Amino acid sequence: MITYDMAKMPIVDVVDDIIFNAVKSGASDIHFDPRDDFLMVRIRIDGDLQDYTEIPKMYERNLITRIKLLANMNITESRLPQDGSIKGNIKGVDLETRVSTLPTNEGEKCVIRILDYSRSLEGIDALGFNKSNFFKLKKMIAEPNGIILVTGATGSGKSTTVYSILQVLNKKETNIITVEDPIEMNIEGLNQVQVNSEIGLDFSTVLRSILRQDPNIILIGEIRDSETAKIAVRASITGHLVLSTIHTNNSLSTIERLLDMNVERYLLSSALSGIISQRLAKKVCPYCHIKKETTPYEKKVFKLALNKDVKEIYVPNLSGCDKCNNGYRGRIAIQEVLMINDEIKNALNEERLEKEDLNKLVYTSDVITMLQDGLLKVLDGSTSFDEIYRIIDVDDDLDSYCKIRNINNDSFNDDGEEIL
């Protein structure tokens, strides 16, 4: 951990130094956590929080006040949560962040989210899609109308994927309008609208007006309620390409969520073009990774999910090197891309469609499941089996996969060999 001489170093310089070092370390977030005797500062690198420094309790209020000033927050209000942003240049580094404060029993907790859209600016080629998924993505965004949903948990890279797609679609002959809360990245050539629910400017209100603005492409920051979902679906069947995000785990749960939001089945079947589900896994450092023999369990998973006999895989060197953090360096997206075919469209019109039948339809199409995509990225050395096991319920997904394809999981031994 770093130690600051708070008696000699001005608070302004301490805050600047913390932010600067976090950005240089590739951190996504900075946490200022109030404790009994000190303010703990932690930074999140590759998805994991790491202790950075401890600030004596007597300087805590001054430090949080300095952050609030930078973020244009109310420095006299410490009893209510606040949101703000820091945009500018700190120690020669161009910076764009979102700042959030939260009152706790030990004091005000503050989190700075560091916005880095360099991956978005690189385009969809840099998102880590495998060849099959990349082909389906390009086919979906080439359609003149329909709705494409990017799904995943908070912090799974949904915004990066959406903005990367917009970079491809942003042409002088198209009118692209976005409605976001908040606007996370300013893109030249787009008409971006910031939601403000305090004055009644919510997603549904803006969307109704957007349809009178002659758009070709509409981005809805997030589908949160039934009304927004219905307007988005109706917009897509009237000749618009609609992009949006939604908090679900995979393709099947996304369809179920939309139906639960009372979106009419006949509209959904006509409108839905595709679903991109994703999660982020830490990348194995290519400079110090090592090979090891697969365990019996790993062999079985590879055999059942990919029908491959795998004897060796790359794993992180936990000692690390000067280019990584305990064997990991950066993160990669693990994706599942479902392009809605005619069979699924017809099934969505059936009122009595059972979840099991829909599940079978979705996963007996040419979908590469998130588990399969993750395992393929383990094979090429991009990530580790432990990471896939951490972000995906491997056993549950494997059981579902085997059930759909009528594979008897118990007919394979721990080495992945079929028991005759």
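## Met140 in helix α4

Met140 sits in helix α4 of this predicted model. The residue is buried because its relative accessibility is 2%, under the 20% cut-off. Met140 touches Ile148, Leu241 and Ser273. The contacts also include Gly274, Ile275 and Ile276. Val337, Leu338 and Met339 complete the list, which leaves out residues up to four places away in sequence.

One pairing spans a long stretch of chain. Met140 and Ile340 are 200 residues apart along the chain. Their C-alpha atoms are separated by 9.4 Å.

## The buried face of α4

Helix α4 covers residues 131-141. Its buried residues are Asn133, Phe134, Lys136, Leu137, Met140 and Ile141. Seen down the axis of α4, these buried residues fall within an arc of 165 degrees, so they line one face of the helix. The spacing rule behind such a pattern is general: an α-helix has 3.6 residues a turn, so residues three or four places apart point the same way.

What covers this face? Strands and helices both contribute to the cover over the buried residues of α4. Among the strands are β7 (146-151), β11 (241-246), β12 (272-284) and β15. The helices include α5 (158-169) and α13 (370-379).

## The other side and the start of α4

Which residues are exposed on the other side of α4? They are Lys131 and Phe135.

A side-chain contact marks the start of α4. There, a side-chain oxygen of Asn130 comes to within 3.2 Å of the backbone nitrogen of Ser132.

## Positive phi in two loops

Lys91 has a phi near 55 degrees, a positive value in a residue other than glycine. Lys91 lies in the loop between β4 (82-90) and β5 (93-104). Its relative accessibility is 48%, so Lys91 counts as partly exposed.

Asn326 also has a positive phi, near 55 degrees, and is likewise not a glycine. Where is Asn326? It is in the loop between β14 (312-315) and β15 (328-339). Asn326 is partly exposed, because its relative accessible area is 48%.

## A cis peptide bond

The peptide bond from Asp181 to Pro182 is cis. Its omega is near 0 degrees. Pro182 belongs to the loop between β8 (176-180) and β9 (191-194).

How values were computed: Residues are numbered from 1 along each chain as its sequence is written. This is a predicted model: local features need pLDDT of at least 70, side-chain atom pairs count only at pLDDT 80 or more; totals for chains, interfaces and linings use all residues. Side-chain values use heavy atoms; hydrogens and water are left out. Helices (H or I, at least four residues) and strands (E, at least two) are DSSP runs, numbered from the N terminus. Buried means under 20% relative accessible area, exposed over 50%, partly exposed in between (1.4 Å probe, protein chains only). The arc is that of the directions from the helix axis to the C-beta atoms. Contact means heavy atoms within 4.5 Å. A polar contact is a pair of N or O atoms within 3.5 Å; within protein, one must be able to donate a hydrogen and the other to accept it, and residues adjacent in sequence count only if both atoms are side-chain atoms.
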